[in-house]
Amino acid sequence: MREKKRYLHYEVITDGNLSAEDVKQAVQESVQQFLGDYGCAQAGIHCIENTNKYGVIKTNTKYVNQVKTALAVIKTIKNQNVRFATTKVSGMINKVKRRN
């Protein structure tokens with residue numbers, strides 16, 4: 001049976017200026033550290049869209065809360081204080097992309 005998916009739209013709140021690649025790398029490292037290898041494989045994490053202020057992550061429906069928590073524990077990127085806020089969760093990517 002096919003696994004259902006959810007799209008998470010997140011916002012990066014920071015005083016400094018970060019590159020999109022730095023944000024993407026921090027998200028991937030945090031999810032990897034929080035869920036581990038097996039959890040990442042089960043969650044099926046994919047970064048769909050990524051800028052320095054916003055991003056969209058695709059994940060399995062069973063792991064939405066764990067991925068949201070993994071984003072919430074990110075406190076610094078490149079010695080700059082940051083805060084991640086999940087602004088929307090949807091099963092359709094078009095609804096989430098309209099948030100940008």
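The following exercises, each with a worked solution, concern a predicted model.

**Exercise 1. The nonpolar core**

Determine how many residues the largest nonpolar core has, and which elements supply at least two residues each.

Solution. Begin with the total: the largest nonpolar core has 21 residues, and those with the most contacts inside it are Tyr10, Val27 and Phe84. Next, assign the core to elements: β1 (5–14), α1 (20–43), α2 (64–72) and β5 (80–90) each supply at least two of its residues. Of these contributions, the largest share comes from α1, with 7 residues. Finally, take Val27 and set aside its neighbours within four places in sequence; Val27 is then in contact with Tyr10, Ile57, Leu71, Ile74 and Phe84. As a general background, nonpolar side chains in soluble globular proteins tend to be buried together.

**Exercise 2. A pair of strands**

Work out how strands β2 and β3 run relative to each other, and how many residues the hairpin between them uses.

Solution. First consider the pairing, in which 4 bridges join β2 (residues 46–50) to β3 (residues 54–60), and the two strands run antiparallel. One residue-level example is Glu49, whose bridge partner in β3 is Val56. Then look at the connection, where a hairpin of 3 residues joins β2 to β3.

**Exercise 3. Cysteines and disulfides**

Explain why Cys40 and Cys47 do not form a disulfide with each other, and state whether each is buried or partly exposed.

Solution. The step of reasoning needs one cut-off, namely that the two cysteine sulfur atoms of a disulfide lie within 2.5 Å. The cysteine sulfur closest to that of Cys40 is in Cys47, and because the distance is 11 Å, the two are too far apart for a bond. Taken from the other side, the closest cysteine sulfur to that of Cys47 is the one in Cys40, again at 11 Å and too far for a bond. The count of disulfides accordingly comes to 0. As to surroundings, Cys40 is buried, with a relative accessible area of 16%, whereas Cys47 is partly exposed, at 22%.

**Exercise 4. Positive phi in a loop**

Find where Lys78 and Asn79 lie, and give the phi value of each.

Solution. Start with location: Lys78 is placed in the loop between β4 (76–77) and β5, and Asn79 is also found in the loop between β4 and β5. Turning to the backbone, Lys78 has a phi near 55°, which is positive in a residue other than glycine, and Asn79, likewise not a glycine, has a positive phi of about 60°. As a last step, check accessibility: Lys78 counts as exposed at 58% relative accessibility, and Asn79 is exposed with a relative accessible area of 79%.

Notes: Residues are numbered from 1 along each chain as its sequence is written. This is a predicted model: local features need pLDDT of at least 70, side-chain atom pairs count only at pLDDT 80 or more; totals for chains, interfaces and linings use all residues. Side-chain values use heavy atoms; hydrogens and water are left out. A nonpolar core is a set of buried Ala, Val, Leu, Ile, Met, Phe, Trp, Tyr and Cys residues joined through side-chain atoms within 4.5 Å. Buried means under 20% relative accessible area, exposed over 50%, partly exposed in between (1.4 Å probe, protein chains only). Contact means heavy atoms within 4.5 Å. Two strands pair if DSSP finds at least two bridges between them.
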